[in-house]
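Grab the model and work through these exercises, each with a solution to check yourself against. Have a go before you read on.

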Amino acid sequence: MRKNVLVLGGAGFIGLNITQYLAENRDYDLTIADNFARGKQDDYFTGLVNKYHIKVIEGDFTDTATFKLLASRYDQVYMLASVVGVDNANSIPHEIIRINTALIYNTLEWIRHSQIGKVLFTSTSECYAGTIEAFGYITPTPEEVPLCIQDIGHPRFTYAVTKMLGESGFLNYARVLGFETTIVRYHNVYGPRMGFKHVIPHLVIRFRKKEEPFKVYGHDQTRAFCYITDAVEGTVLAMEKPNTNGEIYHIGTQQEISIDELIRYTGKLMDFTGTFENAPTYPGSVSRRCPDITKAKKQLGYLPKVSWKEGLKETIEWYNQYLESGKLVYE
Ligand SMILES: NC(=O)c1ccc[n+]([C@@H]2O[C@H](COP(=O)([O-])OP(=O)(O)OC[C@H]3O[C@@H](n4cnc5c(N)ncnc54)[C@H](O)[C@@H]3O)[C@@H](O)[C@H]2O)c1
């Protein structure tokens, strides 16, 4: 029987890439549900949904009435709808709490009254950023580290608080109500069409403006960046592999690099010939981050393939082309 699959938050960066992957590689009935908070349906989006007859439901899912637009039975639900990003957390922390909490709670209560096979909830490495800083846990960090908020009043951590609620909510509702659930914790996913609020598009814009000297904020911090195609494959494996109910998986890579390396290589790809100057980073930003992905490798067969240099090149080319032509079309 054809699977009926819902991607909640499916117009977003990762959601649309998951939808595209499923459309191109599976024979499923696909539905995207989103409020298009990141912008209107562009030509790429409409090209993809028209080609594969993907159903699109537009609405604000913080409102319980919007859930009436959905079907009452789905085999798989990818739950990605969320307000994301450090800028949003710092500027509208109250909205992060309101919107993300409502999205999680409304989805859980909708599941109670629907027939849902399995739900995948998307969480974040931010949930244990505090653990690493306060207790010096090992890096690469495995899934079983305790989750920790270092400064409960800091706006930056509102996002992680809502993701912890989501992890606990989905795991416990699933156990009691009898649906399956799996959690993925993403680590710095990047790639074309990720918006303009992430570090890599910020860098592209700053290099295009020929900033001089070029400030290297948080130069000695480390991150492990995960290219979007690898993140999508890991996510779909976490949804589709048997015996993953109740499990949490890191989706990322173990190619840990410094921000200095990232910025200097981006500069090289952007033909920057000026000078660099080290500068301090955002408050609350963790000094080292790299996931241990052994569990996902062993249990899911997850194997990220794209090196950070290759992925960065693809991403920079996409942003330069987008900024010059204004649009890209799905063909
Ligand atoms: N990109 C990363 O590196 C990363 C890292 C950790 C976790 N995550 C998580 O993965 C998921 C997807 O992230 P992304 O980078 O694609 O973000 P994104 O902002 O591109 O996608 C989120 C989507 O949710 C939708 N949405 C927001 N509020 C909504 C509402 N009220 N009703 C309906 N839809 C709503 C947005 O319109 C958007 O399309 C998020 O839950 C995010 O927290 C992402």
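**Exercise 1.** Find which residues come nearest to the ligand, and work out how the shell around the ligand is made up.

Step 1. The ligand has 27 residues around it, and Ile-14, Asp-34, Arg-38, Tyr-159 and Lys-163 come nearest; a residue is near if one of its heavy atoms lies within 4 Å of the molecule. Keep in mind that this is a predicted model, where local features need pLDDT of at least 70 and side-chain atom pairs count only at pLDDT 80 or more, while totals for chains, interfaces and linings use all residues. Residues are numbered from 1 along each chain as its sequence is written, and side-chain values use heavy atoms, with hydrogens and water left out.

Step 2. Sort the shell by residue class: 13 nonpolar, 10 polar and 4 charged. Here Ala, Val, Leu, Ile, Met, Phe, Trp, Tyr, Cys and Pro go down as nonpolar, Asp, Glu, Lys and Arg as charged, and the others, Gly among them, as polar.

Step 3. Now ask where the shell comes from. Helix 1 (13–25), strand 5 (115–124) and helix 6 (158–177) each give at least two residues, and strand 5 has the largest share, with 3 residues. Helices (H or I, at least four residues) and strands (E, at least two) are DSSP runs, numbered from the N terminus.

**Exercise 2.** Track down the atoms that lie 3.0 Å, 2.5 Å and 2.7 Å from an oxygen atom of the ligand.

Step 1. Start with the backbone: an N or O atom of Gly-12 sits 3.0 Å from a ligand oxygen.

Step 2. Move on to side chains. Tyr-159 puts a polar side-chain atom 2.5 Å from an oxygen of the ligand, and Lys-163 does so at 2.7 Å.

Step 3. Check the cover: of the 820 Å² of accessible area that the ligand has on its own, the protein covers 94%. Areas are from the Shrake-Rupley method with a 1.4 Å probe; for residues, only the protein chains shown count as cover.

**Exercise 3.** Is Thr-182 buried or exposed, and which backbone oxygen does its side chain reach?

Step 1. Place Thr-182 in strand 6 (residues 180–186).

Step 2. Thr-182 has 0% relative accessibility, so it counts as buried. The classes are buried under 20% relative accessible area, exposed over 50% and partly exposed in between (1.4 Å probe, protein chains only).

Step 3. Follow the side chain of Thr-182 to the backbone oxygen of Thr-244, 2.8 Å away.

**Exercise 4.** Describe the setting of Glu-95, and name the residue whose side chain it contacts.

Step 1. Glu-95 belongs to helix 4 (residues 93–112).

Step 2. Its relative accessibility is 22%, so Glu-95 counts as partly exposed.

Step 3. The partner is Arg-98: the two side chains share a polar contact of 2.9 Å. Such a contact is a pair of N or O atoms within 3.5 Å; within protein, one must be able to donate a hydrogen and the other to accept it, and residues adjacent in sequence count only if both atoms are side-chain atoms.

**Exercise 5.** Locate the cis peptide bonds that lead into Pro-140 and Pro-213.

Step 1. The bond from Thr-139 to Pro-140 is cis, with omega near 0 degrees. Pro-140 sits in the loop between helix 5 (129–135) and helix 6.

Step 2. Glu-212 and Pro-213 are also joined by a cis bond, with omega about -10 degrees. Pro-213 is in the loop between helix 7 (199–208) and strand 8 (214–217).

**Exercise 6.** What do His-53 and Asn-188 have in their phi angles, and how accessible are these residues?

Step 1. Neither is a glycine, yet His-53 has a positive phi of about 50 degrees, and Asn-188 likewise has a positive phi of about 50 degrees.

Step 2. His-53 lies in the loop between helix 2 (43–51) and strand 3 (55–58). With a relative accessible area of 70%, His-53 is exposed.

Step 3. Asn-188 is in the loop between strand 6 and strand 7 (189–190). At 23% relative accessible area, Asn-188 is partly exposed.
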